[in-house]
Amino acid sequence: MSVSITEFGKSTSGASVQLVVLKNSQLEVHLLTYGALIHKILVPDRKGNPVDVVLGYPTVEDYELNTDFMGTAVGRFANRIGGAQFPLYEEIVHVTANEAGNCLHSGLHGFSHTVFSVEVTPGESDSVTMTARSADGTDGFPGNLDLEIQYKLVNRGLMIQYSATTDAPTVCGLTNHSYFNLNGHTSGTALGHRLSVDSDAYLEMDNASIPTGRKVPVAGTPMDFTEEKTLGRDIEADYQPLKATGGYDHCFIIRDSGLRHAAWVTGPQTGIRMEVLTTLPGMHLYSANFLAPVTACKDGAQYQKRDAICFETEEFPDAPNHPEFPDATLLPGNTYSSTTIYRFDLAPQ
């Protein structure tokens with residue numbers, strides 16, 4: 001096992017961005033302190049050859065210029081807040097509207113655009129901890145929010161543990177926005193990936209992709225991944241929720257609670273399989289319907305829509321406006337914590 005931290009480049013504001021490499025006998029993960037993002041994950045395929053299974057860009061500037069949240073940590077509050085406002089203790093908090101009048105992924109200055117500090121996690125040989133602060137009033141969110149993200153290799157898995165505290169009541173919900181293609185990040189469409197999701201229902205959304213509050217059973221619909229199928233089998237179905245978002249872009253309600261299995265996905269060309277585990281109530285399945293990079297991609301790749309799948313483990317979107325959803329409020333003296341694991345192996349033949 002090894003951890004290395006070296007210089008990667010500078011942001012457009014001149015901030016130094018570091019490259020972190022976590023490596024064991026089965027997995028190699030490259031992280032950047034810009035956005036605490038996942039830059040590469042190298043996994044052996046059926047032939048033992050290492051395959052980079054996450055999409056990314058070659059420079060810090062490329063990550064800054066693109067608006068797809070490639071690999072980043074997303075917060076304070078991931079996904080959407082309807083109307084860019086929410087009630088908090090009898091006040092209405094107004095946050096930055098950056099998508100059709102709504103707040104997407106915390107506005108313009110979220111953690112996805114922040115340069116984190118990093119250190120090797122004390123007492124660990126295969127882990128780093130990244131830290132950053134979202135200052136009171138950033139994009140309208142109240143309270144100074146301090147975030148720690150621990151990245152740790154656990155055999156063939158990458159464990160991501162989030163921990164956050166605040167000095168004033170606020171909302172908090174964090175995710176990672178990696179784009180996965182288990183055939184390799186340069187391999188093109190992900191529609192042939194085989195996928196199953198441990199979910200019996202998804203959140204209905206309005207035309208602006210804001211949850212209505214209704215939970216819709218997946219049975220008998222193109223949203224049913226309880227039995228494994230390819231991502232592309234039903235993606236063009238005559239089904240309004242899919243038509244409205246150009247493919248899958250929905251929060252699936254994961255069964256049970258605690259750290260548990262959420263999804264399997266397999267790249268048919270390499271045989272690489274990934275399991276997603278999480279402590280969070282939902283997982284946003286996004287089939288990269290709007291992926292259209294404006295700069296060069298890693299290794300000269302030319303990414304297009306549906307070349308990847310995102311598995312954004314999350315609090316329910318717009319939870320601050322839905323008292324019937326799990327509470328996303330964070331108070332002083334309490335700690336937000338969640339865990340997500342991306343674990344890799346080879347699919348049975």
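Me: In what order do the six strands of the open sheet lie?
Reply: Good place to start! A strand here is a DSSP run of E with at least two residues, and a helix is a run of H or I with at least four, both numbered from the N terminus. Two strands pair if DSSP finds at least two bridges between them. The pairing in this open sheet is antiparallel, and the order of its strands is E17-E26-E25-E22-E19-E20.

Me: Which are the edge strands?
Reply: An edge strand pairs on one side only. Here that describes strand E17 (179-180) and strand E20 (211-217).

Me: Before we go on, what kind of model is this?
Reply: Residues are numbered from 1 along each chain as its sequence is written, and side-chain values use heavy atoms, leaving out hydrogens and water. Local features need pLDDT of at least 70 and side-chain atom pairs pLDDT 80 or more, while totals for chains, interfaces and linings use all residues, as this is a model that is predicted.

Me: Which residue in E25 is the bridge partner of Ile-253?
Reply: Look at strand E22 (residues 249-254) and strand E25 (residues 282-286), which pair in the antiparallel sense over five bridges. In E25, the partner of Ile-253 is Gly-282.

Me: Which strand gives the most residues to the largest nonpolar core?
Reply: A nonpolar core is a set of buried Ala, Val, Leu, Ile, Met, Phe, Trp, Tyr and Cys residues joined through side-chain atoms within 4.5 Å. Buried means under 20% relative accessible area, exposed over 50%, and partly exposed in between (1.4 Å probe, protein chains only). In the largest core, with 62 residues, Ile-41, Tyr-151, Phe-311 and Phe-344 touch the most other members. The top contributor, with five residues, is strand E13 (residues 145-154).

Me: How many residues are in the second core?
Reply: This core is separate, and Val-60, Tyr-179, Tyr-286 and Cys-297 are among its members. Its size is 20 residues.

Me: How many disulfides does a search of the whole structure find?
Reply: A disulfide is a pair of cysteine sulfur atoms within 2.5 Å. For Cys-251, the nearest cysteine sulfur is that of Cys-310, 14 Å away. For Cys-310, the nearest is that of Cys-297, also 14 Å away. The search of the whole structure gives a count of zero.

Me: Is Cys-251 buried or exposed?
Reply: Its relative accessibility is 2%. Cys-251 therefore counts as buried.

Me: Which residues does the cis peptide bond join?
Reply: Most residues other than glycine have a negative phi, and most peptide bonds are trans. In this cis bond, omega is about 15 degrees. One partner, Arg-76, is in the loop between strand E6 (73-74) and strand E7 (80-81). The two joined residues are Gly-75 and Arg-76.

Me: Is Asp-318 buried or exposed?
Reply: Asp-318 has a positive phi near 60 degrees. Its place is in the loop between strand E26 (309-314) and strand E27 (329-330). With a relative accessible area of 4%, Asp-318 is buried.

Me: And what about Asn-155: buried or exposed?
Reply: Asn-155 also has a positive phi, about 55 degrees. Its loop lies between E13 and strand E14 (157-166). At 54% relative accessibility, Asn-155 counts as exposed.

Me: What share of the residues of the protein chain counts as buried?
Reply: The chain has two helices and 28 strands. Of its 349 residues, the buried share is 59%.
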